[in-house]
Amino acid sequence: TYKANKQNEISSDLLFSTRVEDGTSFLVYHDLNAAQQLTGLRDRASTSRNNEGNLESTTEFKHAFEGEDHELTTELRYARSTEGGPSNYTSRTLALTGMPIGADAREMITPRERPTESSLKFDYVRPLADHLRLSAGYRGSLQQFHTTLDTRTFSTSVNDFTIDPSRTNTFTFDQTVHAVYGILTGSSGKIRYQGGVRAEDAGTRFRRAFSALSTAPATAFDNHYNSLFPSGLIAYDVSETQYFKLSYSTRIRRPEDTDQLDPTPHYQDPLNISRGNPSLKPEYIRAIELGFQRTTTNTTLQITPYLRHTDDAVRRIRTIDSAGVTTSTFANIATTDNYGADATLALHGGRLTGFVGSSAFRQVSNASNISSTLSARTFGWTARANASLRVSKTFDMQTIVSYRGQTTVEQGINRAQTRVSFAARQKLRNDRVSLTLRVTDPFGTERERSTVIDPKFTVESERLRKVRGVLLNVTWNFGKPQKEKRLDQIEPPSN
């Protein structure tokens, strides 16, 4: 950060990271007849290497006008990532004794993704009166995805790998968003209020390129849409230590993951195929929240009942054919309604700080636009806790625990999940240097379990994520520290 004078400041961030991730898997298939007797055995082993790279650059210019809280901020951001690498698979047919029969079937699959994102935004803040402030701005962004898939199977006739044109593809996806917003924030006595609106123009372009190496035809999907997002908030300060608030907001969640958009079939194994849906529409979410907060010397209590309605909610849908092959894809269901409450009790002001919180909700989804059997009703709850202990002025420790209860979803059940992590931090050189040691998933509870239920089939899945590890982070701060933002400062709405 460089502060040229009292009015002008420029800052720049640059981040580069790279990672290589190796993986192995081994599956055994048991074929059973109607009497549940073993009739056949097969196995499938794989080794993979995934190479990831990420580059992010942000440059920000801030100009302060005469008068308090009157400023213009401009930000230019660019991000580029790469991900992908080869996976080698070997499949065998086994006798009922477990011995291999015949030749091994081998294939090599190499997916690669190269997403980029560029954005430019302007934020302008100006006081209009003693208790009234205007915030306005613009944000434009361009996201681009370029994905390739190369699949080769081993041919004994040529003693080499040959291209499988049915699973070789190239596609590009571009998304452009232009948005402007305006917000008025003010207060009158014990009442604080905020009202605003964001208008945006967005468009997406999907192209699957024609290739002589692929049997997939060239296809194109274009989608252009305009949206308006009003929002409002009113708060009543009962006293200096407690207040009530009522808010309404609208927002959009776009399908931006290549797994959701790429229609090329990806084979996890011969019986499980996944593909994206380039025709996915964005989700539109409308929410009403009623909040209460009470603060004492050492505690803060927050209670937030809410109601959220979502149009075109994105869900994963699975189907199965007569050969037992399961295909997983994504689709928009008509609506979902969530209503519930969130409660948090925070402890502060002493050597021991942190919070405990819990949420309980009811969800009703309407998927009748796809199938009458997909609609679901469920009750769910979550719990979380964060505790930090200041052992000394330069050393502190932290524990984070979260739990998500079992919930019913469209076409199945998501089982309960627990997450745990520990951390310790040592400050050096008058707090300018800090060493942070973090331990993630020490008890091996980071597992995902689910059951897919359909009139034709039932699938039980359990995935143990290998996130257990020890991470050491070293941070060095130099120069004059920036002034921190006020916690009650209202940020402009995001895209």
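1. A residue counts as buried when its relative accessible area is under 20%, as exposed when that area is over 50%, and as partly exposed in between. F206 has a relative accessible area of 1% and is therefore buried. The points below apply this scale to a predicted model.

2. Confidence. The chain has a mean pLDDT of 89, with 95% of its residues at 70 or more. Residues 484–495 are a stretch where pLDDT stays under 50. For that stretch the model has 21 contacts beyond four places in sequence, and I would read those contacts with the pLDDT values beside them.

3. Aromatic pairs. The structure holds 10 aromatic pairs. In one of them, F206 and F221 are tilted, with 5.5 Å from centre to centre and 55° between the planes. This pair links distant parts of the chain, since F206 belongs to strand β11 (residues 191–208) and F221 to strand β12 (residues 219–237), with their positions 15 residues apart in the numbering. F221 has 32% relative accessibility and so counts as partly exposed, whereas F206 is buried at 1%.

4. A further tilted pair. F244 and F292 have ring centres 4.9 Å apart and planes at 40°, so this pair too is described as tilted. F244 lies in strand β13 (residues 242–253) and F292 in strand β16 (residues 283–295), so the pair ties together parts that are 48 residues apart in sequence. F244 counts as partly exposed, because its relative accessibility is 40%.

5. Aromatic cluster. F206 and F221 also belong to one aromatic cluster, together with F171.

6. Charges over rings. R192 lies over the face of Y243, at 5.2 Å from the ring centre. In another case, the charged end of R308 sits over the ring of Y306, at 4.0 Å from the centre of that ring.

7. R308 and E289. The side chain of R308, besides its place over Y306, meets that of E289 in a salt bridge, at 3.3 Å from N to O. R308 is in strand β17 (residues 299–320) and E289 in strand β16, so the salt bridge ties together parts that are 19 residues apart in sequence. What is the accessibility class of each partner? R308 has a relative accessible area of 28% and is therefore partly exposed. E289, with 23%, is partly exposed as well.

8. R425 and D396. The structure holds 25 salt bridges, and R425 with D396 is one of them, at 2.9 Å from N to O. The pair links distant parts of the chain: R425 is in strand β24 (residues 417–428), D396 is in strand β21 (residues 395–404), and they are 29 residues apart. R425 is partly exposed, with a relative accessible area of 32%. D396 has 19% and is buried; the cut-off for buried is under 20%, so I would quote the percentage along with the class.

9. Salt-bridge network. Salt bridges that share partners join R44, E107, D164 and R167 into one network. Within it, R167 forms a salt bridge with D164, and the closest N and O atoms are 3.2 Å apart. Are these two partners buried or exposed? R167 counts as buried at 8% relative accessibility, and D164 counts as buried at 14%.

10. N332. This residue is in strand β18 (residues 326–347) and is buried, with a relative accessible area of 12%. Its side chain has a polar atom 2.9 Å from the backbone nitrogen of K281. A polar atom of the N332 side chain also lies 2.8 Å from the backbone oxygen of D312. Beyond four places in sequence, N332 is in contact with S279, L280, K281, D312, A313, V314, N369 and I370. The backbone partners K281 and D312 are thus both found in the contact list of N332.

11. S46. Strand β3 (residues 38–64) contains S46, which is buried with a relative accessible area of 12%. The side chains of S46 and S25 are joined by a polar contact of 2.5 Å. Leaving out residues up to four places away in sequence, S46 touches G23, T24, S25, N88 and Y89.

Technical notes:
Residues are numbered from 1 along each chain as its sequence is written. This is a predicted model: local features need pLDDT of at least 70, side-chain atom pairs count only at pLDDT 80 or more; totals for chains, interfaces and linings use all residues. Side-chain values use heavy atoms; hydrogens and water are left out. Helices (H or I, at least four residues) and strands (E, at least two) are DSSP runs, numbered from the N terminus. Buried means under 20% relative accessible area, exposed over 50%, partly exposed in between (1.4 Å probe, protein chains only). A polar contact is a pair of N or O atoms within 3.5 Å; within protein, one must be able to donate a hydrogen and the other to accept it, and residues adjacent in sequence count only if both atoms are side-chain atoms. Contact means heavy atoms within 4.5 Å. pLDDT is the predictor's confidence in each residue, from 0 to 100. Rings of Phe, Tyr and Trp (its six-membered ring) pair if their centres lie within 6.5 Å; planes under 30 degrees apart count as stacked, over 60 as edge-to-face and the rest as tilted. A charge sits over a ring if NZ of Lys or CZ of Arg is within 6 Å of the ring centre and within 35 degrees of the ring normal. A salt bridge is a side-chain nitrogen of Lys or Arg within 4 Å of a carboxyl oxygen of Asp or Glu.
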